[in-house]
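Student: Please take me through this model step by step, with the reasoning behind each answer.

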Amino acid sequence: MKVTKNQNDSRKHCESSGWPQRDSAEHEEYAGALTSSRITENNITNADRSKDGMLEEILCPKNLNQAYKRVKKNKGAGGVDGMKVEELLQYLQDNKEELRQTIKDGKYRPQPVRRVEIPKENGKKRKLGIPTAVDRVIQQAIAQILTPIYKPQFSKNSFGFQPGKSTHDAVKACQENIRDGYKYVVDMDLEKFFDTVNQSKLVEILARSIKDGRVISLIHKYLQAGAITRGRFEETKLGVPQGGPLSPLCSNILLNELDRELGRRGHRFVRYADDLLIFCKSKRAAERTLKNIIPFVEGKLFLKVNREKTQVAYVGKVKFLGYAFYINSKKEASLRVHPKSVARMKDRIRHITSRSNGMGYEQRKVKLKQFITGWVNYFKLADMKSLLQRIDQWLRRRTRMVIWKQWKRVRTRYTMLRKLKIIDWVAREGANMRKGYWRCARNPIIAKALSAERLKKAGYLNFLNYYETVRV
């Protein structure tokens, strides 16, 4: 196995720290548990076959310490054992020797993940698997050693879960393809990708680069650790549980096979995790591409293409990472925010500015600022000035509505309107309005009292002003 300079440094650190490499073989049951008969016959995952010391690299103090710091920084919910990240340091200090030795001896058994379901925008549920804090550290330690090995193998057209690459890079790559005349796309959807990954295939691919069978066995144990759902244990013979540090890397390793095949066939494509666009110059070429690539995806990678969501379309009709594409008056490929992304943003604003969410003025301002800055930074590549002007008008009305409700009493409303320089008789008229909160928020009296300028001085951030400061 080819070892990078960083890996050599890591080994030296392990040896200098009193943790010499040793060639411990996996138990026979692990070698036999690497799933497919074809894999076993080829003997490519036999733990006795190769002794490159990768497991020792993973378990060296320096690497484990980095993994712990990363897990602590990311925080996250506890797993099935209830251990919080804050309790992790003491546990590792008390049990590090035993933990390391158990893993080296092949006796370590990962605990099942805690199954959590979060809603998707289509109304369905996305299954997450939350590993225990200890298992997150071990998975992170594995990922830190494997990432430098696999990163050079990944396609330049793959952007998801890769250091130094972002959604913005993926969207810009799409623009480049469109500018070059590739205006039709295969918008491919892989049905329940993370839940349906064929573990045998994944292990086979891993074994091409990982020659330490003990590491293969350890990863395979994590894949088959199971899940606890509503107090009941479920086996995980398929899939890669989302929620752990290993799942993004494993997904890229498997889908890199698809990237290679697309590259071999000469296709232009952009992939972010399991979101894939294949660019073509005509609708007919895109239809032919889709027809020809499905057998590879389903027959070689054992993944399922969702026929209902997979489409061949003009680039202006697709949604990718929340963005939409259009050809502007200068015949250039430009970006806008997809209508579904706008709808989701407005739903979130409605929640923050709900009249009954119990937030005070300061908390609401903080929540709005956090959401607006995050949302605008994500969509700052899009042309959306006119959109944000309309959104800000709507947001100001939502803000006035909730403030008006919180003033509640007629006396309070009158007092506050007077403080905001509304003359006496007008303030009395406004305070005694009996219309609904949403209608009141549009009233000229309240609009003048809670003007855009006053809301800004009070600390309420708006979309357009922030967009103009970060617009690329």
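Student: With which residue does Arg268 form a salt bridge?
Tutor: A salt bridge is counted where a side-chain nitrogen of Lys or Arg lies within 4 Å of a carboxyl oxygen of Asp or Glu. With the closest N and O atoms 2.7 Å apart, Arg268 forms such a bridge with Asp180. This is a predicted model, in which local features need pLDDT of at least 70 and side-chain atom pairs count only at pLDDT 80 or more, while totals for chains, interfaces and linings use all residues. Residues are numbered from 1 along each chain as its sequence is written, and side-chain values use heavy atoms, with hydrogens and water left out, and within these limits the partner of Arg268 is Asp180.

Student: Are Arg268 and Asp180 buried or exposed?
Tutor: A residue is called buried under 20% relative accessible area, exposed over 50%, and partly exposed in between, using a 1.4 Å probe and protein chains only. The relative accessibility of Arg268 is 29%, and that of Asp180 is 38%. Because both values fall in the middle range, Arg268 and Asp180 each count as partly exposed.

Student: Which residue pairs with Glu56 in a salt bridge, and what relative accessible area does that partner have?
Tutor: Glu56 forms a salt bridge with Arg214, their closest N and O atoms being 2.9 Å apart. This pair links distant parts of the chain, 158 residues apart, with Glu56 in helix H4 (residues 54-59) and Arg214 in helix H11 (residues 213-223); helices are DSSP runs of H or I with at least four residues and strands are runs of E with at least two, numbered from the N terminus. Glu56 counts as buried at 3% relative accessibility. The partner, Arg214, is buried too, with a relative accessible area of 3%.

Student: What separates Arg350 and Asp347 along helix H14?
Tutor: Arg350 and Asp347 form a salt bridge whose closest N and O atoms are 2.9 Å apart. Arg350 is partly exposed at 35%, and Asp347 is partly exposed at 46%. Because these residues are three apart in helix H14, their separation is about one helical turn.

Student: How many salt bridges does the rule give, and which residues are linked in a network of them?
Tutor: The rule brings the count to 15 salt bridges. A network of salt bridges links Lys201, Glu204, Arg208, Glu257 and Arg260.

Student: To which strand do five bridges join S6?
Tutor: Strand S6 covers residues 268-272, and four of its five residues are buried. Two strands pair if DSSP finds at least two bridges between them, and S6 forms a hairpin with its partner, with two residues between them and a positive phi of about 55° at Ala273 in the turn. Arg271 has Leu276 as its bridge partner, while Phe269 stands opposite Ile278. The five bridges, in an antiparallel arrangement, join S6 to strand S7 (residues 275-280).

Student: Why is S7 described as largely enclosed, and with which strand does it pair over six bridges?
Tutor: Five of the six residues of S7 are buried, so this strand is largely enclosed by the rest of the structure. Cys280 in S7 is the bridge partner of Tyr184. The antiparallel pairing over six bridges is with S3.

Student: What is the volume of the largest pocket?
Tutor: On a 1 Å grid over the protein atoms alone, a pocket is an open set of points where a 1.4 Å probe fits, with protein on both sides within 12 Å along at least five of seven lines, and lining residues have an atom within 4 Å of a point. The largest pocket is lined by 46 residues, with Lys120, Glu121, Arg126, Asp189 and Asp275 nearest its centre. Its lining divides into 18 nonpolar, eight polar and 20 charged residues. With volume taken as the space filled by probe spheres set on the points, which are joined across faces, edges and corners, this pocket has about 1,800 Å³.

Student: Which helix gives the most to the lining of the second largest pocket?
Tutor: About 680 Å³ of space lies in the second largest pocket, whose lining of 27 residues includes Arg70, Gln140, Gly244, Pro245 and Pro248 nearest the centre. Helices H5 (61-74), H7 (133-150) and H12 (246-264) each supply at least two residues of this lining. With five residues, the helix that gives the most is H7.

Methods
Nonpolar A, V, L, I, M, F, W, Y, C, P; charged D, E, K, R; others polar.
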